[in-house]
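I opened my notebook for a quick tour of this chain. I jotted down what I looked up, one entry at a time, so you can follow along on screen.

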Amino acid sequence: MTEETVAESQPGLEEILGCLEALLEFPSVSEAYVRFRIDLLKGQRAVREALAAAPASPTAPHGGSAVSPTTSMLGPEDVAFDAGLLRALFEAICAAAAAHGRRSGDLEALGTALKADPDVITGLARAAAFGPDLPHLEALARQYGVAVDAVLFVGRALAAPFVAETVRRITPGTAGPGRGTPLGGHCGICGSPPSVARLRREDGKRLLTCGLCGTEWEFERLACPWCNSQDAAVLTILRADEAEPRWIEACERCRGYVKTVDERRLPVGGVIIPVVEETATLHLDLLAEREGYIRRLPYVLSG
Ligand SMILES: [Zn+2]
Ligand SMILES: [Zn+2]
């Protein structure tokens, strides 16, 4: 019942892949989307393994001091983005997209840009992960005739394993619930917004998972993680099915939303894996978007 017990064991890659593959049995889930996410996750995990196997390198490549998560938040200069690993991951994303029928014209155009100048891919990862730096991403999109949404997705998918691995190194053995000081509804370690929320089995408290580095933190049950509004009159719930343990919690004020899963309504022993939740609940995103709510950042969690 302790926080540590809940923080627990992080599932391994095989377990996560098994849970993703199990989603293929559900008719509400798109097979192509699940397979794309499986291949993306494998590519991201390969980067994390390469980074973990490398000798400890300073997390601040430009000579700054190591980051302390209790005193400052991770910034773009604290993550050592490696152009070679980024390019390998980009190739994996292109292969996954081509294999599973996702549009690839934007990826081809981006590939041309990334090959032309090695600084472009590190700049893309940095700009997409932190902020995000929309003027930088929009300029790249304009220059190469690519949709800005595609640039943002690729940039964040590229950056996620580097940010997650940096966070793992600066918070050894302690990453998990309660780490960092949340900035409103955003991750107190890397500054990203949450991907999914869970209502903890033990006490019903609401825990948000960072959509970039995977850190989890407790947040007010009745507040919008995007604009911090605590006005119950503007907070609303959207459900695809009353019986489902998953739903959307949305905000009329800022039109943001977060997907929520209630652990208490899952079978005992059921484990919540954020990247699996993200993938399993695409239909909830479609429901929210149909109702005019906004998914501000794509899901890129590297597991
Ligand atoms: Zn984070
Ligand atoms: Zn809001």
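**Entry 1: a helix pair.** I started with helices H7 and H8, and I noted that their crossing is right-handed. The residues that make this contact are Leu137, Glu138, Leu140 and Ala141 on the H7 side, and Val148, Val151, Leu152 and Gly155 on the H8 side. Sorted by class, I get 6 nonpolar, 1 polar and 1 charged residues for the contact. H7 covers residues 134-144 and H8 covers residues 148-170; their axes come within 9 Å and cross at roughly 120°. That angle makes H7 and H8 oblique to each other, because only 65 to 115 degrees would count as roughly perpendicular and over 145 as roughly antiparallel.

**Entry 2: the overall picture.** I should say here that this is a predicted model. I looked up the secondary structure and found 10 helices and 6 strands in the chain. Of its 303 residues, 38% count as buried. I also checked contacts between residues at least 6 apart in sequence: 64% of them join residues at least 24 apart.

**Entry 3: the sheet.** In what order do the strands of the open sheet stand? I read E3-E2-E1-E6-E5-E4, with mixed pairing among the 6 strands. E3 and E4 are at the edges with a single partner strand each, so each has one side without a neighbour in the sheet. From one strand to the next, the twist averages 30°.

**Entry 4: one pair in the sheet.** I looked at E1 (residues 194-199) and E2 (residues 206-210), which pair in the antiparallel sense over 5 bridges. Opposite Leu199 I found Arg206 of E2.

**Entry 5: strand E5 and its partners.** Is E5 largely enclosed or left open by the rest of the structure? It spans residues 246-251, and 5 of its 6 residues are buried, so the strand is largely enclosed by the rest of the structure. On one pairing, 4 bridges join E5 to E4 (residues 235-238), and the two run antiparallel. There, Leu238 stands opposite Ile248 of E5. On the other pairing, E5 meets E6 (residues 257-262) over 5 bridges, again in the antiparallel sense. Ala250 has Tyr257 of E6 as its bridge partner. I then followed helix H10 (residues 282-290), which lies across E4, E5 and E6 and runs at about 30° to E5.

**Entry 6: backbone oddities.** A reminder to myself: most residues other than glycine have a negative phi, and most peptide bonds are trans. With that in mind, I went looking for exceptions.

- Arg255 has a phi near 70°, a positive value in a residue other than glycine. It belongs to the hairpin of E5 and E6, which has 5 residues between the strands. I counted Arg255 as partly exposed, because 16 other C-beta atoms lie within 10 Å, and the partly exposed class falls between 12 and 20.
- Asn228 also has a positive phi, of about 70°, and is not a glycine. I found Asn228 in the loop between E3 (216-219) and E4. With 16 C-beta neighbours inside 10 Å, Asn228 counts as partly exposed.
- Gly131 and Pro132 are joined by a cis peptide bond, with omega about -15°. Pro132 sits in the loop between H6 (118-129) and H7, which brings me back to the helix of my first entry.

Terms used
Residues numbered from 1 in each chain as written. Chains lettered and ligands numbered in written order. Predicted model: local features only at pLDDT ≥ 70, side-chain atom pairs only at ≥ 80, totals over all residues. Contact = placed C-beta atoms within 7 Å. Pairing = 2+ DSSP bridges. Axes fitted to C-alpha atoms, helices over the stretch in contact; angles between N-to-C directions. Parallel < 35°, antiparallel > 145°, perpendicular 65-115°, else oblique. Left-handed = near helix turned anticlockwise from the far one by under 90°. Nonpolar A, V, L, I, M, F, W, Y, C, P; charged D, E, K, R; others polar.
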